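Here is a walk through one structure, from confidence to contacts. Keep the model open while reading.

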Amino acid sequence: MALVSEFLGQLTLSYGGEVEPKFPTVVPARDFDPATDAARIETAIKTKGVDEQTIIDILTRRSGEQRREIAFEYERIAKKDLNTALKAALSGPLEALMLGLMKTTAQYDASELKASMKGLGTDEEILIEIVCSRNDEELADIKKVYKEMFKKDVEKDVAGDTSGDFAKLLLALVQTKRDQPSNVVDYEKIDEDARSLYEAGVKRKGTDVATWITIMSQRSVPHLQKVFERYKSYSPYDMKESIRKEVKGDLEKSFLTLVECFENRQLYFANRLNEAMKSKGAKEKVVTRIMVSRCEVDLMKIRTEFRRQHKRSLYQTIAEHTKGDYQKALLSLCGGDD
């Protein structure tokens, strides 16, 4: 029975009230003792030169819930905040990764969004990745947590930091107005949406972006998958080719991300990881963000897609393109070779 309840605990309700299973690589540790873990971390931090390996072994092999219990115990034992202690003891990409693990998934996504809009210039890449790849349930969590953490509405910050159709698309997505999937397939509606997408883009001069935004931000994912299939019977180009022809810049990237995630979200993350690691001086921020934010959600499935698409495992790719303690932490989150 214990196994059954453990399994059920890993399932979450998705868009339509039906269950969207999770495929985590990081699961709760058995025989967990937060006081022992906290004491071991304190010893590791106090060791001359810092014992990073122990910190990695503990924090990358405990669930988010367990990490928060460790933080509570740590403060009790060491009389200081674990985040502050980790900041002082670690540096570089390893520090960023460990501090990321100390947040809940929604807190982590919210802080990454905030960081993308802080100060001069906006990091559109992060904005697009998070807003366009998270489902409505995840976005609703992020909005709630964002408000708690920063005392501001994420919509207001997005509106203040972006402009034009790009802003309109992001705001439409952040409003989480997507339909729930239905058990009834509405072929008329599928046909109508496919035709509207075609008539708003490829068929005319210029693009009626508003129609694209409405359809892509409000229809359910299973419905859209069928719409894109049907679209091919109207347009000489598939949806992604049409996007590339019709719009440019951040708007193009956003629509492409949406379509890729509607078609196969885990493949989108696998491709992002592959690109980030292949680029000169692995884009550590992208790699860290995906590994930290997905390790308790669907990283196991991302690994499968990675292997299928890139003909080698995510584990081997991390081993080849990263180094040192940062590499050890990533490999531990990855949870094994395929």
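Start with the N terminus of this predicted model. Residues 1-6 have pLDDT under 50 throughout, and the model gives them two contacts beyond four places in sequence. Another stretch, residues 11-17, also has pLDDT below 50. Yet the model shows 25 contacts for residues 11-17 beyond near neighbours in sequence. Where pLDDT is low, predicted coordinates should not be read in detail. For the chain, the mean pLDDT is 94. Of its residues, 94% reach 70 or more.

Now turn to a helix pair. Helix 8 covers residues 124-133, and helix 16 covers residues 249-278. Their axes come within 9 Å and cross at roughly 60°. That angle makes helix 8 oblique to helix 16. The crossing of the two helices is right-handed.

Which residues of helix 8 meet helix 16? They are Glu124, Glu125, Ile128, Glu129, Cys132 and Ser133. On the helix 16 side, the partners are Asp250, Lys253, Ser254, Thr257, Leu258, Cys261, Arg265, Tyr268, Phe269 and Arg272. By class, this contact of helix 8 with helix 16 has seven charged, six nonpolar and three polar residues.

Finish with the aromatic rings. The whole structure holds five aromatic pairs. One pair is Tyr146 with Phe150. Their ring centres are 5.0 Å apart. The ring planes of Tyr146 and Phe150 stand at 65°, so this pair is edge-to-face. Both residues belong to helix 9, residues 136-150. Tyr146 and Phe150 are four residues apart there, so about one helical turn separates them.

Terms used
Residues numbered from 1 in each chain as written. Predicted model: local features only at pLDDT ≥ 70, side-chain atom pairs only at ≥ 80, totals over all residues. Heavy atoms only, no water. Axes fitted to C-alpha atoms, helices over the stretch in contact; angles between N-to-C directions. Parallel < 35°, antiparallel > 145°, perpendicular 65-115°, else oblique. Left-handed = near helix turned anticlockwise from the far one by under 90°. Contact = heavy atoms within 4.5 Å. Nonpolar A, V, L, I, M, F, W, Y, C, P; charged D, E, K, R; others polar. pLDDT = per-residue confidence, 0-100. Phe/Tyr/Trp six-rings, centres within 6.5 Å; stacked < 30°, edge-to-face > 60°.
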